[in-house]
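Please work through the following exercises with the sequence and the structure open beside you. Try each task before you read its solution.

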Amino acid sequence: VINFTFCMSPFMVTIATFSSYVLLDPENNVLTPTKVFVSVSLFNLLRIPLTLFPWVIKETITMMVSVRRITDFLNADELVVQNDKLQSTYHHQNENDIEVQDATFAWSNDTTQLNGISLQAPKGTLTAIVGAVGSGKSSLLQAILGEMRRVKGQVAINGTIAYVPQQAWIQNLSLKDNVLFAKPWNESLYKSVIQSCALEADLTLLSNRDETEIGENGINLSGGQKQRVSLARAVYSDAQVYLLDDPLSAVDAHVGKHIFENVIHRTT
């Protein structure tokens, strides 16, 4: 009986201890096949709940965090529309695509993150913002987009904006739909965008080329491929102002050179 119980994993140690206890008093406690099989059946019933219990705890914590974030978002104050964000007369005088004048921005009502920012980006020029990690480069782009609360100063933008975030955002759609982003189909522009963003070689690796469905969060694409799809979406939008948040960080050196020469340098 002991040899039999040692073969019943994963509860062999428990059953072996139980059988040893029973054999200590063989007169009052007789270990029979009925008791063994019933015990094994009960332990098997407990195996699945015990296996799922850690997963339930993890998902419960995730749910609590998500509910708290959704609650904070729904209870947040409404964004105040910046009346001076789009001012045609303001730009006719200065001819700048982006102009920030002595502006201060904050993520919350407590402290300010960007103080006394002044910036001018003339039309047809490439403006680079350089700084150490955590110095506020991405926050400045968010401030220009209106995502940060403007405490004082002025922000003016001339024309439509295309934004490429540092963390690529991919939809659970085909690669073509991710690039078009509900824009009208333009074959010549689409082919030019694919070539400029160095996506031609990647299409040959996908099962259905640009009709291949991209999984959730771009699960079937590499980091560089996701970044280039995100960049292609911005280029296809044919905007007047492009805000690029470190778009070459996830691509190889030769691919980065190709993108810089055919996208970034060409759009200026």
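**Exercise 1.** In which helix is Gln 142 found? Describe the surroundings of this residue and of its helix in the predicted model.

*Solution.* Begin with the location: Gln 142 is found in helix 5, which covers residues 137–145. Next, consider exposure: Gln 142 has a relative accessibility of 17% and counts as buried, because buried means under 20% relative accessible area. Then look for its neighbours: leaving aside residues up to four places away in sequence, Gln 142 touches Trp 107, Glu 147, Met 148 and Tyr 163. Now widen the view to the helix, where the buried residues are Ser 139, Leu 140, Leu 141, Gln 142, Ala 143 and Ile 144. These buried residues of helix 5 pack against strand 1 (96–106), strand 2 (114–122), strand 3 (149–157), strand 4 (161–164) and strand 5 (241–244). Finally, follow the chain just past the end of helix 5, where Gly 146 takes a positive phi of about 90 degrees.

**Exercise 2.** Which residues do ring pairs link into a cluster? Work out the geometry of each pair in that cluster.

*Solution.* The structure holds three aromatic pairs. One of them joins Trp 185 and Tyr 190, whose ring centres are 5.0 Å apart and whose planes make an angle of 50 degrees, so that the pair is classed as tilted. In this pair Trp 185 is partly exposed, with a relative accessible area of 44%, whereas Tyr 190 is buried at 4% relative accessibility. Tyr 190 also pairs with Tyr 236, at 6.5 Å centre to centre and with 80 degrees between the planes, in an edge-to-face arrangement. Since Tyr 190 belongs to helix 7 (residues 187–196) and Tyr 236 to helix 9 (residues 223–236), the pair ties together parts that are 46 residues apart in sequence. Both Tyr 190 and Tyr 236 are buried. Putting the steps together, the cluster linked by ring pairs consists of Trp 185, Tyr 190 and Tyr 236.

**Exercise 3.** Which residue lies over the face of Trp 185, and with which residue does Lys 176 form a salt bridge?

*Solution.* Start from the ring: Lys 176 lies over the face of Trp 185, at 4.8 Å from the ring centre. Then turn to the salt bridge, in which Lys 176 meets Glu 211 with the closest N and O atoms 3.0 Å apart. Lys 176 is in helix 6 (residues 175–180) and Glu 211 in the loop between helix 8 (200–205) and helix 9, so this pair ties together parts that are 35 residues apart in sequence. As for exposure, Lys 176 counts as buried at 18% relative accessibility, while Glu 211 is partly exposed at 45%. A charged group also sits over another ring, for the charged end of Arg 233 is placed 5.5 Å from the centre of the ring of Phe 181.

**Exercise 4.** How many salt bridges does a search of the whole structure find? Examine those not yet treated above.

*Solution.* The search finds three salt bridges. One of them brings together the side chains of Glu 59 and Lys 58, at 2.8 Å from N to O; Glu 59 is partly exposed at 31% relative accessibility, and Lys 58 is partly exposed at 46%. Another joins Glu 187 and Lys 191, whose closest N and O atoms are 3.1 Å apart. These two residues are four residues apart in helix 7, which means that about one helical turn separates them. Glu 187 is partly exposed at 43% relative accessibility, whereas Lys 191 is exposed at 52%.

Methods. Residues are numbered from 1 along each chain as its sequence is written. This is a predicted model: local features need pLDDT of at least 70, side-chain atom pairs count only at pLDDT 80 or more; totals for chains, interfaces and linings use all residues. Side-chain values use heavy atoms; hydrogens and water are left out. Buried means under 20% relative accessible area, exposed over 50%, partly exposed in between (1.4 Å probe, protein chains only). Contact means heavy atoms within 4.5 Å. Rings of Phe, Tyr and Trp (its six-membered ring) pair if their centres lie within 6.5 Å; planes under 30 degrees apart count as stacked, over 60 as edge-to-face and the rest as tilted. A charge sits over a ring if NZ of Lys or CZ of Arg is within 6 Å of the ring centre and within 35 degrees of the ring normal. A salt bridge is a side-chain nitrogen of Lys or Arg within 4 Å of a carboxyl oxygen of Asp or Glu.
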